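I opened this notebook to record what I looked up in a structure that was new to me. The entries follow the order in which I consulted it.

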Amino acid sequence: MSACHDRHLLRMAMNDRTASSRQLEALWSTATSVLMSASSIRRRVLHRELCARLRLYRIPLTANHRRLRRQWAHKPRAWQAD
């Protein structure tokens with residue numbers, strides 16, 4: 001593959017930040033008719049250029065959680081300097 005192909009693949013990965021290497025493989029093969037494995041995509045683009053990304057899964061904060069966090073953050077305002 002040429003540097004032009006690498007840039008094209010990088011652009012595809014940047015346009016769809018949540019795409020996996022398998023999804024990028026399917027997009028790549030339909031766009032260029034050049035076959036490339038998902039492991040090659042991971043090695044060429046995701047690890048070298050973008051670094052592998054993991055989705056963050058977290059529990060959404062409720063209104064009560066937000067209220068308690070605000071109280072905790074504002075508590076040091078009441079402290080007196082010695």
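Entry 1, surface. I began with the outside of this predicted model. The protein chain exposes about 7,000 Å². Carbon and sulfur atoms supply 56% of that exposed area.

Entry 2, burial. I then turned to the inside of the protein chain. Of its 82 residues, 18% count as buried.

Entry 3, confidence. I checked how far the prediction can be trusted. The mean pLDDT of the protein chain is 79, and 83% of the residues reach 70 or more. By element, confidence is highest in helix 4 (residues 63–74), at a mean of 92, and lowest in helix 3, at 71. I added a general caution: where pLDDT is low, the predicted coordinates should not be read in detail.

Entry 4, elements. I listed the secondary structure next. The protein chain has four helices and zero strands, and from the N terminus on the order reads α-α-α-α.

Entry 5, contacts along the chain. I looked up how contacts are distributed by separation. Among the contacts in the protein chain with a separation of 6 or more, 45% join residues 24 or more positions apart.

Entry 6, helix 1. I compared the length of this helix with expectation. Helix 1 covers residues 3–15, and at 1.5 Å a residue its 13 residues should span 18 Å. The C-alpha atoms at its ends are 18 Å apart, so the model agrees with that expectation.

Which residues of helix 1 are buried? I found Asp-6, Leu-9, Met-12 and Ala-13. These four cover an arc of only 125° around the axis, and therefore lie on the same side of helix 1. I noted the general background: an α-helix has 3.6 residues a turn, so residues three or four places apart point the same way.

Entry 7, Asp-6. I singled out one residue of helix 1, Asp-6. Its relative accessible area is 17%, which is under the 20% limit, so Asp-6 counts as buried. I also looked up its distance to Ile-41, which is 35 residues away along the chain. The C-alpha atoms of Asp-6 and Ile-41 are separated by 9.4 Å.

Entry 8, the core. What makes up the largest nonpolar core? I recorded nine residues: Leu-9, Met-12, Ala-13, Ala-19, Leu-24, Trp-28, Met-36, Ile-41 and Val-45. At least two residues of this core come from each of helix 1, helix 2 (21–32) and helix 3 (38–50). Helix 1 gives the most, with three residues.

Technical notes
Residues are numbered from 1 along each chain as its sequence is written. This is a predicted model: local features need pLDDT of at least 70, side-chain atom pairs count only at pLDDT 80 or more; totals for chains, interfaces and linings use all residues. Side-chain values use heavy atoms; hydrogens and water are left out. The expected span of a helix is 1.5 Å times one less than its number of residues. Buried means under 20% relative accessible area, exposed over 50%, partly exposed in between (1.4 Å probe, protein chains only). The arc is that of the directions from the helix axis to the C-beta atoms. A nonpolar core is a set of buried Ala, Val, Leu, Ile, Met, Phe, Trp, Tyr and Cys residues joined through side-chain atoms within 4.5 Å. Contact means heavy atoms within 4.5 Å. Accessible areas come from the Shrake-Rupley method with a 1.4 Å probe; for residues, only the protein chains shown count as cover. pLDDT is the predictor's confidence in each residue, from 0 to 100.
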